[in-house]
Amino acid sequence: MVTLIPTHPGPLSDVPTFSRAIGGAESNVACAMAALGHSARWVSRVGMDGFGQCVTAGVAEYGVDVSTVRRDPSRPTGVYFRTAADRDSGAHEVAYYRAGSAASAMSPANVDMRAIRDCRILHLSGITAALSPDCHALLHRLTAPAADRPLISFDINYRPALWRGKDAARTLLELARRADIVFVGEDEAAQVWGVTGGPAAVRRLLREPGVLVVKQGARGATAFRRQAQGTDEPTAAVNAVPEGTFEPSPTVTAVSATGAGDSFAAGYLSATLRALPPRQRLRHGHLLAAATLTTPTDLAPPPARAHADHLAALDDAAWGRLRLAPGWTQTARATEEANTP
């Protein structure tokens, strides 16, 4: 989608001007993965309009392969407006204009299924499932068991405004149970399924995924992981690990929370592709989220890999002293400050 962000804080009714950016959960992850040095492809549909051209070119600038993005001559590119306030704030407003959009017309019949499956990890989002019955059918097909299926990553990404009149609880639970790696916020689990009681309660509901990452806001995140005998790759065909791995978030001076969940997923998936240990995967997720939290846009330049690796390898005490403020990705000062008592 095209994202229109207020140039000044305040309710949408009072904001006179907006700046244009690109937004979208899956495209955010693709852009972040490309920025981290991975090969990334984004498969979608946009309108045959200026906004569609803007979105496609903007994603391509990150180094993402957009060769399979289709231009729809009869449907517009989705647009949404949001306030400058954080999503968790009561002052936050979002106005979606995506009903009947080109992306909402995606289906198993009009996307390149071979291009979608030609990858090591296929990242999907609950947002897509909410757009239309055809989009739901597409995700249902992509998450179906198959011998040649890539590792399926699924972010719940619950957006109440997109699910009005639809059964979000059943749909999202079904798709999550068919995935290999699932990302869900503790607050989302409570909203969608009424699950309270912490990450362990979410795991009891979602036993099937090989990896379940429960995000706990500023506190941190817990990863539950099942491991096959003799392999480091997650799989749904092995016994569940009884306890999850918790990793606290570093202290972050946040500018905006929008897009931080997508960045967390990208950091975690990047570390997964690099076969890093479970705690390192969570820390890389936190660091990528911190990069976005400290900027006003949905996407932010990630830290250099060597810098991120150094921070992720800090001992627990140094990690606990880490303070990340706007601009931290462009300097190594954060590392020095982390080691200062």
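Q: Let's start with one residue: is Tyr97 buried or exposed?
A: Keep in mind that this is a predicted model. Tyr97 has a relative accessibility of 54%, so it counts as exposed, since the cut-off for that word is over 50%.

Q: Which residue's ring pairs with the ring of Tyr97, and how do I describe the pair?
A: Here's the general idea: you describe a pair of aromatic rings by the distance of the centres and the angle of the planes. In this case the partner is Phe81: the ring centres of Phe81 and Tyr97 are 5.9 Å apart and the planes sit at 85°, so the pair is edge-to-face. Phe81 lies in strand 5 and Tyr97 in strand 6, 16 residues apart. With 22% relative accessibility, Phe81 counts as partly exposed. Phe18 joins in as well, as Phe18, Phe81 and Tyr97 make up one aromatic cluster.

Q: How many aromatic pairs are there in the whole structure, and what does a stacked one look like?
A: The search turns up 5 aromatic pairs. One of them is Tyr80 with Tyr96, which is stacked, at 5.4 Å centre to centre and 20° between the planes. That pair also links distant parts of the chain, with Tyr80 in strand 5 and Tyr96 in strand 6. Tyr80 is buried, at 4% relative accessibility.

Q: What is the strand order in the open sheet of 4 strands?
A: Read the order across the sheet: it goes 2-1-5-6, and the pairing is mixed. Strand 2 and strand 6 are at the edges with a single partner strand each, so one side of each has no neighbour in the sheet. From one strand to the next, the twist averages 20°. To zoom in, strand 1 and strand 2 are antiparallel partners over 5 bridges, and Leu4 has Arg20 in strand 2 as its bridge partner.

Q: Which strands does helix 2 lie across?
A: Helix 2 (residues 50–60) lies across strand 1, strand 2 and strand 5, running at about 60° to strand 2.

Q: Which residues of helix 7 are buried, and how are they placed around the axis?
A: First, the general idea: an α-helix has 3.6 residues a turn, so residues three or four places apart point the same way. In helix 7, the buried residues are Glu186, Glu188, Ala189, Val192 and Trp193. They span an arc of only 155° around the axis, which puts them on the same side of helix 7. The elements they pack against are helix 6, strand 9, helix 8 and strand 10. Right after helix 7 comes Gly194, with a positive phi near 70°.

Q: How many salt bridges are there, and what do they tie together?
A: There are 13. Take Glu208 and Arg177, whose closest N and O atoms are 3.6 Å apart. Glu208 is in the loop between helix 8 and strand 10, while Arg177 is in helix 6, so the pair ties together parts 31 residues apart in sequence.
A second example is Arg219 with Glu186, at 2.5 Å between the closest N and O atoms. Here a loop between strand 10 and strand 11 holds Arg219 and helix 7 holds Glu186, so parts 33 residues apart in sequence are tied together.

Q: Which residues are linked in a network of salt bridges?
A: Glu247, Arg279, Arg283 and Asp316 are. Within that group, the side chains of Arg283 and Asp316 meet at 3.2 Å, N to O. Arg283 belongs to helix 10 and Asp316 to helix 12, so this pair ties together parts that are 33 residues apart in sequence. Arg283 is buried, with a relative accessible area of 2%.

Definitions and conventions. Residues numbered from 1 in each chain as written. Predicted model: local features only at pLDDT ≥ 70, side-chain atom pairs only at ≥ 80, totals over all residues. Heavy atoms only, no water. Buried < 20%, exposed > 50% of the residue type's maximum accessible area, 1.4 Å probe, protein only. Helix = DSSP H or I, 4+ residues; strand = E, 2+ residues; numbered from the N terminus. Arc of directions from axis to C-beta. Contact = heavy atoms within 4.5 Å. Salt bridge = Lys/Arg side-chain N within 4 Å of Asp/Glu carboxyl O. Pairing = 2+ DSSP bridges. Axes fitted to C-alpha atoms, helices over the stretch in contact; angles between N-to-C directions. Phe/Tyr/Trp six-rings, centres within 6.5 Å; stacked < 30°, edge-to-face > 60°.
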